[in-house]
Amino acid sequence: MSMKSDQRRVVVGSLFVALVFAVAAPVEAQREFEPLFDKFNFKLEGSWVALKTEISLDSSLLEGDGTTLSFEDDLDLGSNKTIPTLAFEWQIARKHKLGVRWQDISRDSSSQALTEIEWGDEIIPIDADIALGFDIAQAFIDYTYYPWVKDRWAAGFGLGLRWMDLQATLSYRGESEEDNVEGSTD
């Protein structure tokens, strides 16, 4: 084969590809409107939040109230946090959408007790080293139905389930001992 023959094939092939794209573009442009929703959505988001967490350390065995602790003010737990969210949405049909999301809020701190902390008959001494962990993991699944879908807007309602794992850990070490107080809920 000659070089002119190879060049001719490249030129003819390029013209054919350009012709296919030129014919396909008007067909796509003839649709009445673009779909309002994408078929699939993947999202990685971040939310900046200011958190305030307080716990009341009361004892049901002893009369009276115990101590109320602010995790942020008393135990140096960070209150401002960027929270990641991972989400996936699937537009099943024009009026039906499924979505799943995951979110994790993890915070921890270590500090020294500046005052004596009483919890029922338990006393955390001054200058005790206190470690605190406060974690929330959430998973969501939801379904949305859109009875009203127009060219540029939609309105609907949804129903969803949320699973939340909440765990708080407070441990301290005094001069000669170590005690732990932990809590976890689902």
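Of the 186 residues in this protein, 21% are buried. The structure you're looking at is a predicted model, so take what follows as a tour of that prediction. Let's start with the overall picture and then zoom in on some residues.

**The overall layout**

The protein has two helices and 10 strands. Reading from the N terminus, the order goes α-β-β-β-α-β-β-β-β-β-β-β. Its accessible surface adds up to about 13,500 Å², and carbon and sulfur atoms account for 56% of that. If you take the contacts between residues at least 6 apart in sequence, 58% of them link residues at least 24 apart.

**The core**

In soluble globular proteins, nonpolar side chains tend to be buried together. Here, the largest nonpolar core has 16 residues, and the members that touch the most others are Phe71, Leu75, Ile124, Ile130 and Leu132. Strand E8 and strand E9 (154–173) each put in at least two residues. E8 is the top contributor to this core, with four residues.

Ile130 is a good one to click on. Beyond its neighbours within four places in sequence, Ile130 is in contact with Leu75, Ser109, Ser110, Ser111, Ala113, Ile117, Ile124, Leu170, Ser171 and Tyr172. Two of the names on that list, Leu75 and Ile124, also turn up among the core members with the most partners.

**Glu72 and Arg107**

Next, have a look at helix H2, which covers residues 71–74. Glu72 is part of H2, and with a relative accessibility of 10% it counts as buried. On strand E5 (residues 96–112) you'll find Arg107, which also counts as buried because its relative accessibility is 5%, under the 20% cut-off. The side chains of Glu72 and Arg107 are joined by a polar contact of 2.9 Å.

Glu72 has another polar link too: its side chain reaches the backbone nitrogen of Thr53 at 2.8 Å. Setting aside residues within four places in sequence, the contacts of Glu72 are Leu51, Lys52, Thr53, Leu77, Gly78, Ser79 and Arg107. Arg107, counted in that way, touches Leu51, Thr53, Glu72, Leu77, Gly78, Ser79, Lys81, Leu132, Gly133, Phe134 and Asp135. Leu132 in that list is one of the well-connected core residues mentioned above.

There's also a long-range pairing to notice: Glu72 and Ser109 sit 37 residues apart in sequence, with their C-alpha atoms 9.3 Å apart.

**Asp74, in the helix as well**

Helix H2 also holds Asp74. At 41% relative accessibility, Asp74 is partly exposed. Not counting residues up to four places away in sequence, Asp74 touches Thr68, Leu69 and Ser111. The C-alpha atoms of Asp74 and Thr115 are separated by 9.6 Å, with their positions 41 residues apart along the chain.

**Along strand E8**

Strand E8 spans residues 129–149. Gln138 is found there, and it is buried, with a relative accessible area of 6%. Its side chain and that of Arg162 are joined by a polar contact of 2.9 Å. Leaving out neighbours within four places in sequence, Gln138 is in contact with Arg101, Trp102, Gln103, Arg162, Trp163 and Met164.

Tyr143 belongs to E8 too, but at 32% relative accessibility it counts as partly exposed. In the loop between strand E7 (122–124) and E8 you'll come across Asp127. Its phi is positive, about 70°, even though Asp127 is not a glycine.

**A nonpolar patch on the surface**

Which residues make up the nonpolar surface patch of about 580 Å²? They are Phe40, Phe42, Trp90, Ile92, Leu98 and Tyr143. Two elements give two or more residues to this patch: strand E1 (40–50) and strand E4 (80–93).

**Accessibility at a glance**

Here are the residues discussed above, with their values.

| Residue | Relative accessibility | Class |
|---|---|---|
| Glu72 | 10% | buried |
| Asp74 | 41% | partly exposed |
| Arg107 | 5% | buried |
| Gln138 | 6% | buried |
| Tyr143 | 32% | partly exposed |

Key:
Residues are numbered from 1 along each chain as its sequence is written. This is a predicted model: local features need pLDDT of at least 70, side-chain atom pairs count only at pLDDT 80 or more; totals for chains, interfaces and linings use all residues. Side-chain values use heavy atoms; hydrogens and water are left out. Patches are made of residues with over 30% relative accessible area and no salt bridge: like charges are joined within 9 Å, nonpolar side chains (Val, Leu, Ile, Met, Phe, Trp, Tyr) within 5 Å. Accessible areas come from the Shrake-Rupley method with a 1.4 Å probe; for residues, only the protein chains shown count as cover. A salt bridge is a side-chain nitrogen of Lys or Arg within 4 Å of a carboxyl oxygen of Asp or Glu. Buried means under 20% relative accessible area, exposed over 50%, partly exposed in between (1.4 Å probe, protein chains only). A polar contact is a pair of N or O atoms within 3.5 Å; within protein, one must be able to donate a hydrogen and the other to accept it, and residues adjacent in sequence count only if both atoms are side-chain atoms. Contact means heavy atoms within 4.5 Å. A nonpolar core is a set of buried Ala, Val, Leu, Ile, Met, Phe, Trp, Tyr and Cys residues joined through side-chain atoms within 4.5 Å.
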